[in-house]
Amino acid sequence: MCGIIGIIGKAPVAPLLLEALKRLEYRGYDSAGIATLVNGRIERRRAEGKLVNLDHRLAEEPLGGTIGIGHTRWATHGKPSERNAHPIATSRVAVVHNGIIENFQVLKDELVAEGRRFDSDTDTEVVAQLLTSYLEAKMSPEEAMAKAMGRLRGAFALAVLLSGREDILMGARRGSSLAVGYGDGAMYIGTDALALAPFTKRVSYLRDNDWVVLRLDGCKIYQGHTEVTREIRDSGLSGEMTGKGNHQHYMLKEIHEQPAVIGDTLQSYIDPATRAVRLPELPFDWNAVSRVTMTACGTAFYACLVAKYWFEALARLPVEAEVASEFRYREPPLPAGGVCIAVSQSGETVDTLAAMRYAKSQNQTLLSVVNVPESAIARESDAVLPTLAGPEIGVASTKAFTTQLTVLLVAALAAGRARGTVTAAQEEGLTRALIEMPEQVNDVLGREEECRRIAVDILAKARDVLYLGRGSSFPVALEGALKLKEISYIHAEGYAAGEMKHGPIALIDEHVPVVVVAPSDSVFEKTASNFEQVKARGGKLVLLTDAAGAARLGSHAAATIVLPTVDPVVAPILYTVAVQMLAYYAALAKGTDVDQPRNLAKSVTVE
Ligand code: F6R
């Protein structure tokens, strides 16, 4: 949600700021803007809606200057409009801001009492006004920033431009992510390494409560009034890595990257010689774990739901999977010796972070499965199991989800081995099934045209779609429904197949397609009964199954996609790829904005 970029350099910055904002589009936004210093004065161009509108504004009224800040805004306080778009500025200070200033009303009342006039409905404006008030009281920019950090409450990242100060750009973070980029004769500040990728790979990730002053030749980072050092690292990202390649959308590119990234992820968790699972050293013994609490949001939560089946069946461990936004406020008692596993692509999701903090307060050991190793969730964990999905830009999670599943299955296997509930032979069989996964996923990608046809002919024409699955296919059904609704705006629901007759069956008629996720597994026959119940009521069935399942039920379905026959344990990874393609092509047929669906953000940094 929201994206920040700031540049101090020698060349005109407006086009560079715009380029960086394009890299941040994936985070989700509804207005955008940039500010630069022109002859020492703050000049802004802002626009509601997509960046193309800002681009037009800049074409009408170009902006000079070699220092500036830019922002993509996802509205929280104040509706999406040009007036509320960032940078928010006074005549002395321009600010771009991610996050929420929780005590903005208290600060605003104080500042209004001082006689300051507010021009926007945003919480951000208190930062600009507060800094202005300190500067007018003759504080240096550094003093003003240190003092403001002491007054602001909430989670935020900031970049600040000062009138008359072409020599410095400032930034600060608490909670929301912010990185400094080291260029050749230029310095950068941005939400993440992706925004900085077109300019530099050399980055420092700021820590909570850090604030920074950038100059042309470097930067100084502070905590309070004390200067601190932060390691400069190679982000490993290049501008090209974050492009769409030959694909029409990031989402399609990321769907197609799955064989490679699942392979990369497996390589770091399975010893190719012995085929044994190899986890990094963990700060707990699986044998001593009393309970596993898994927590996440959205698609990542569905990864937890799949993993619950795996940990329970393979490691015989009691597992609760909890939606983070509920778990954090429910305050459940957690047993001594428990482990909390948080799952997140971005590593920034604020509810997941808060759920982890709650689990920590209950003395749980924190293990996280994250795609961004520098993220807050990774940093606050006692141990991290990284997914090696690479940057995921499409708002809808695809390769992050299947790599989360891969890591979680490997972890469940490791737990099972340690607890003596998985034999060496079982481990070998399942690691073989996993090692074959990239090839099997490739096979599923070979069904793209079939998926497209079904999506266009059946799903895209529907107003409502049901997804059914049993056992570990139930979370895949939930994920299929989420993927479809979020990118195509078609209403979709995922149900446990056995629950259908307890309510949703009332919806079934010839207008409601029902996608049934049914690999040949121990519950296939039960799902087959539910399939027949839908059929008997005239439902239009789309069957996802393997050759045996197709032989048994295919003739009753309006359409069948036959997927490779695999060990049922790994089936959720494979079947997910098919539901992703169905959703993608349905959205394409509907003409929606696949990579940046309305109202959605990639990193959800507000509650
Ligand atoms: C859906 C989707 C979201 C995210 C959720 C959690 O396609 O992407 O539901 O899964 O917002 O995000 P992370 O994984 O970054 O914590």
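Colleague: Which residues lie nearest the centre of the second largest pocket?
Modeller: In this predicted model, the lining of the second largest pocket is made up of 28 residues. Among the elements that give two or more residues to that lining are α9 (298-315) and α17 (473-488). Nearest the pocket's centre lie Cys-297, Gly-298, Thr-299, Lys-602 and Val-604.

Colleague: Thanks! From which domains does the lining of the second largest pocket draw at least three residues each?
Modeller: The space in question has a volume of about 530 Å³. By class, its lining holds 13 nonpolar, ten polar and five charged residues. The domains that each supply at least three of the lining residues are domain 2 (244-435) and domain 3 (443-595).

Colleague: Now for the largest pocket: which residues are the closest to its centre?
Modeller: The largest pocket holds about 680 Å³ of space. It is lined by 38 residues, and the elements giving two or more of them are α6 (193-196), β11 (202-205), β15 (233-234) and α12 (376-379). The closest to the centre are Tyr-205, Leu-237, Asn-371, Val-372 and Pro-373.

Colleague: Why does the largest pocket lie between two domains, and which are they?
Modeller: The lining residues of this pocket divide into 17 nonpolar, eleven polar and ten charged. Because both domains give residues to that lining, the largest pocket lies between domain 1 (3-241) and domain 2 (244-435).

Colleague: Let's turn to the ligand. Which residue has a polar side-chain atom 2.6 Å from an oxygen atom of the ligand?
Modeller: The ligand is surrounded by 14 residues, with Ser-344, Gln-345, Ser-346, Thr-349 and Glu-486 the closest. One of these five offers a polar side-chain atom at 2.6 Å from a ligand oxygen, and that residue is Ser-346.

Colleague: And how much of the ligand's accessible area does the protein cover?
Modeller: Backbone atoms also meet the ligand's oxygen atoms: a polar one of Ala-300 is 3.5 Å away, and an N or O of Ser-397 is 2.9 Å away. On its own, the ligand has 410 Å² of accessible area, and the share covered by the protein is 89%.

Colleague: How many cavities of 30 Å³ or more are there, and how much space lies in the second largest cavity?
Modeller: Rolling a probe the size of a water molecule over the atoms shows where empty space is left. The count of cavities of 30 Å³ or more comes to two. Residues lining the second largest cavity include Arg-470, Asp-521 and Phe-524, and its lining as a whole has five nonpolar, two polar and two charged residues. The space in the second largest cavity is about 30 Å³.

Colleague: I'm curious about the backbone. Which peptide bond is cis, with omega near 0°?
Modeller: Most residues other than glycine have a negative phi, and most peptide bonds are trans. Pro-87 is found in the loop between β4 (67-73) and β5 (88-89). The cis bond leads into this proline, running from His-86 to Pro-87.

Colleague: One more, please: where is Glu-331 placed?
Modeller: Glu-331 has a phi near 55°, a positive value in a residue other than glycine. Its place in the chain is the loop between α10 (324-330) and β18.

Terms used: Residues are numbered from 1 along each chain as its sequence is written. This is a predicted model: local features need pLDDT of at least 70, side-chain atom pairs count only at pLDDT 80 or more; totals for chains, interfaces and linings use all residues. Side-chain values use heavy atoms; hydrogens and water are left out. On a 1 Å grid over the protein atoms alone, a cavity is a set of points where a 1.4 Å probe fits but cannot get out, and a pocket is an open set with protein on both sides within 12 Å along at least five of seven lines; lining residues have an atom within 4 Å of a point. Grid points are joined across faces, edges and corners, and a volume is the space filled by probe spheres set on the points. Ala, Val, Leu, Ile, Met, Phe, Trp, Tyr, Cys and Pro count as nonpolar, Asp, Glu, Lys and Arg as charged, and the others, Gly among them, as polar. Helices (H or I, at least four residues) and strands (E, at least two) are DSSP runs, numbered from the N terminus. Domain bounds come from an automatic or database domain assignment. A residue is near a molecule or strand if one of its heavy atoms lies within 4 Å of it. A polar contact is a pair of N or O atoms within 3.5 Å; within protein, one must be able to donate a hydrogen and the other to accept it, and residues adjacent in sequence count only if both atoms are side-chain atoms. Accessible areas come from the Shrake-Rupley method with a 1.4 Å probe; for residues, only the protein chains shown count as cover.
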